[in-house]
Amino acid sequence: MSEGVYGEQATGRVTHGLLRLSTAMRSQAWEWAEGAKLTPTQGEILVLLMQRKGPMRLGEIARETALTAATTSDAVSTLEGKGLVEKRRAIDDGRALAVRLTARGRTAAKRGLQWPNFLAKAVGTLRDDEQAMLYRTLLKTIRQLEAQEQMPTHRMCLSCMHFEASKSPKKAPHHCAILQISMTDTDLRLDCSVYEEADVATQKKSWKVFAQAT
Ligand code: SF4
């Protein structure tokens with residue numbers, strides 16, 4: 001790829017850098033998945049089911065992974081055929097199917113958590129303040145992509161009704177009203193089990209405070 005193909009300004013350089021990272025991630029994900037006789041998509045579904053610690057409906061899996069319903073259904077059927085997941089009627093709706101991990105699926109999912117270690121190792125070489133700034137920047141980018149409907153929404157602090165954003169997190173931390181904890185930028189969660197979505201006005205207010213914080 002020629003230098004500057006995404007432009008010579010900072011936006012183009014950052015976009016180029018992120019795309020190079022995505023190439024490395026795709027390559028590492030495939031390497032792991034092939035070793036486990038899966039596809040990266042199947043591996044991602046296993047890890048998602050493990051993170052959620054309970055059954056998920058096909059529609060939820062499709063939404064969280066940004067896959068089509070047909071691709072999700074095919075991937076889950078393949079995983080079922082391999083004995084890694086099982087489908088049962090959802091407890092709260094007998095017409096819907098819920099997918100959950102089998103014991104073998106849980107073991108495979110635990111291994112699947114390890115392929116991003118190469119990235120964690122590289123991030124770990126950054127100073128603490130660099131990691132904090134990177135995470136803050138990633139959260140802002142993810143939130144922006146969510147607003148543009150180009151990324152699935154996350155159960156993240158920035159859109160949670162319990163989040164109290166600080167105007168100056170370096171001096172006074174953010175706060176979670178339900179867990180009664182103080183949080184620095186790097187403590188903010190991307191997938192919180194006690195998340196509750198805030199109304200639009202509250203989300204806008206939190207976002208404004210977070211985005212403008214110094
Ligand atoms: S409940 Fe979870 S997502 Fe919501 S503010 Fe607290 S830690 Fe963040």
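**Exercise 1. List the residues around the ligand and sort them by type.**

Step 1. The model is predicted: local features need pLDDT of at least 70, side-chain atom pairs count only at pLDDT 80 or more, and totals for chains, interfaces and linings use all residues. Residues are numbered from 1 along each chain as its sequence is written.

Step 2. Collect the residues near the ligand (C-beta atom, placed from the backbone, within 6 Å of it). They are Cys157, Cys160, His162, Phe163, Cys176, Ile178, Leu179, Arg189, Cys192, Val194 and Tyr195.

Step 3. Sort them. Ala, Val, Leu, Ile, Met, Phe, Trp, Tyr, Cys and Pro count as nonpolar; Asp, Glu, Lys and Arg count as charged; the others, Gly among them, count as polar. The shell holds nine nonpolar residues, one polar and one charged.

**Exercise 2. Describe the sheet with the order 4-5-6.**

Step 1. Strands (E, at least two residues) and helices (H or I, at least four) are DSSP runs, numbered from the N terminus. Two strands pair if DSSP finds at least two bridges between them.

Step 2. Three strands make this open sheet, and the pairing is antiparallel. Strand 4 (163-164) and strand 6 (181-183) each have a single partner strand, so one side of each has no neighbour in the sheet.

Step 3. Strand 5 (residues 174-176) and strand 6 are joined by three bridges. Histidine 174 faces methionine 183 in strand 6.

**Exercise 3. Describe the sheet with the order 1-3-2.**

Step 1. This sheet is open, has three strands and pairs antiparallel. Its edges are strand 1 (56-57) and strand 2 (85-90), each paired on one side only.

Step 2. Strand 1 and strand 3 (residues 93-101) share two bridges. Arginine 57 stands opposite alanine 98 in strand 3.

**Exercise 4. Check the span of helix 7.**

Step 1. The expected span is 1.5 Å times one less than the number of residues. Helix 7 (residues 128-147) has 20 residues, so 28 Å is expected.

Step 2. The end C-alpha atoms of helix 7 are 29 Å apart, which agrees. Just after helix 7, glutamate 149 takes a positive phi of about 60°.

**Exercise 5. Place the elements in the whole protein.**

Step 1. Count: eight helices and six strands. From the N terminus they run α-α-β-α-α-β-β-α-α-α-β-β-β-α.

Step 2. Divide the chain. The domain bounds, from an automatic or database assignment, give domain 1 (10-112) and domain 2 (127-212). Their C-alpha centres lie 25 Å apart.

Step 3. Take the extent. Along its principal axes the C-alpha trace spans about 50 × 50 × 30 Å.
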